[in-house]
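Biologist: I am new to this structure and would like a close look at one part of it, namely the loop that holds an unusual backbone angle, and then at the helix beside it and what surrounds that helix. Please take me through it slowly, from one residue to the next.

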Amino acid sequence: MNWDEKKIVLNYLQSLYFKEKKYGGFVILNTMYAKNKAIKKYEESSINDRELILKRIVIDYLIDESSKSLVLYNVHGHANRRLLRLKELMYHKYDSMSSIERAIICDKILNN
């Protein structure tokens with residue numbers, strides 16, 4: 001994993017731990033707690049776990065971006081079916097994606 005991918009995974013883990021609100025309304029303490037716990041979790045996890053987390057983040061980003069368009073839109077279809085087909089399509093897209101495309105998407109995720 002390069003630095004951008006590491007930063008994306010750490011930000012994701014930090015956002016998960018920030019939602020715990022261990023210190024009540026103290027934002028700075030909660031942020032420090034979440035950051036330390038995210039770093040600890042990242043260091044404890046294996047390379048495969050890190051890659052799976054990154055894959056999940058990228059696929060969720062692709063689904064969010066494509067759901068704003070009319071991709072796989074069917075007039076008489078259901079929203080849940082469309083979401084499932086989008087997930088299937090984005091998993092396939094991620095597996096067939098080049099490293100340059102992944103880097104571009106990682107830049108877009110970091111800039112959001």
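**From a loop to a cavity**

Modeller: Leucine 72 is placed in the loop that runs between α3 and α4, the latter covering residues 79-95. Everything I describe comes from a predicted model, and in that model leucine 72 has a positive phi of about 60°, although this residue is not a glycine. As for its surroundings, leucine 72 counts as partly exposed because its relative accessible area of 29% falls between the 20% under which a residue is buried and the 50% over which a residue is exposed.

From this loop we can step back into the helix before it, where serine 66 has its place in α3. Serine 66 has a relative accessibility of 10%, and since buried means under 20%, this serine counts as buried. Its contacts, once residues up to four places away in sequence are set aside, are Val71, Arg82, Leu86 and Met90.

Further back along the chain, lysine 55 is also found in helix α3, which spans residues 47-67. When neighbours within four places in sequence are left aside, lysine 55 is in contact with Tyr91, Tyr94 and Asp95. With tyrosine 91 there is also a backbone distance to give: the two residues are 36 apart along the chain, and their C-alpha atoms are separated by 8.7 Å.

Tyrosine 94, one of those contacts of lysine 55, has a further partner, for the charged end of arginine 102 sits over the ring of tyrosine 94, at 4.4 Å from its centre. A second arrangement of this kind involves arginine 50, whose charged end sits over the ring of tyrosine 42, 4.2 Å from the centre of that ring. Pairs between aromatic rings are another matter, since the structure holds zero of them.

Tyrosine 94 and arginine 102 also bring us to an empty space, because both are in the lining of the largest cavity, together with Leu54, Val58, Ile105 and Cys106. The elements that give two or more residues to this lining are α3 and α5, the latter being residues 99-111, and α5 gives the most, with three residues. By type, the lining divides into five nonpolar residues, no polar ones and one charged one. The volume of this cavity is about 30 Å³, and the structure holds one cavity of 30 Å³ or more.

For a contrast with the buried serine in α3, two lysines from earlier in the chain are worth a look. Lysine 40 is found in helix α2, residues 27-44, and it is exposed because its relative accessible area of 52% is over 50%. Its C-alpha atom is separated by 9.9 Å from that of leucine 10, which is 30 residues away along the chain. Lysine 22, by comparison, lies in the loop between α1, residues 3-18, and α2, and with a relative accessible area of 51% lysine 22 is exposed as well. Apart from neighbours within four places in sequence, lysine 22 is in contact with Asn30 and Tyr33, while alanine 34, 12 residues away in sequence, is 9.1 Å from lysine 22, C-alpha to C-alpha.

Note on methods:
Residues are numbered from 1 along each chain as its sequence is written. This is a predicted model: local features need pLDDT of at least 70, side-chain atom pairs count only at pLDDT 80 or more; totals for chains, interfaces and linings use all residues. Side-chain values use heavy atoms; hydrogens and water are left out. Helices (H or I, at least four residues) and strands (E, at least two) are DSSP runs, numbered from the N terminus. Contact means heavy atoms within 4.5 Å. Buried means under 20% relative accessible area, exposed over 50%, partly exposed in between (1.4 Å probe, protein chains only). Rings of Phe, Tyr and Trp (its six-membered ring) pair if their centres lie within 6.5 Å; planes under 30 degrees apart count as stacked, over 60 as edge-to-face and the rest as tilted. A charge sits over a ring if NZ of Lys or CZ of Arg is within 6 Å of the ring centre and within 35 degrees of the ring normal. On a 1 Å grid over the protein atoms alone, a cavity is a set of points where a 1.4 Å probe fits but cannot get out, and a pocket is an open set with protein on both sides within 12 Å along at least five of seven lines; lining residues have an atom within 4 Å of a point. Grid points are joined across faces, edges and corners, and a volume is the space filled by probe spheres set on the points. Ala, Val, Leu, Ile, Met, Phe, Trp, Tyr, Cys and Pro count as nonpolar, Asp, Glu, Lys and Arg as charged, and the others, Gly among them, as polar.
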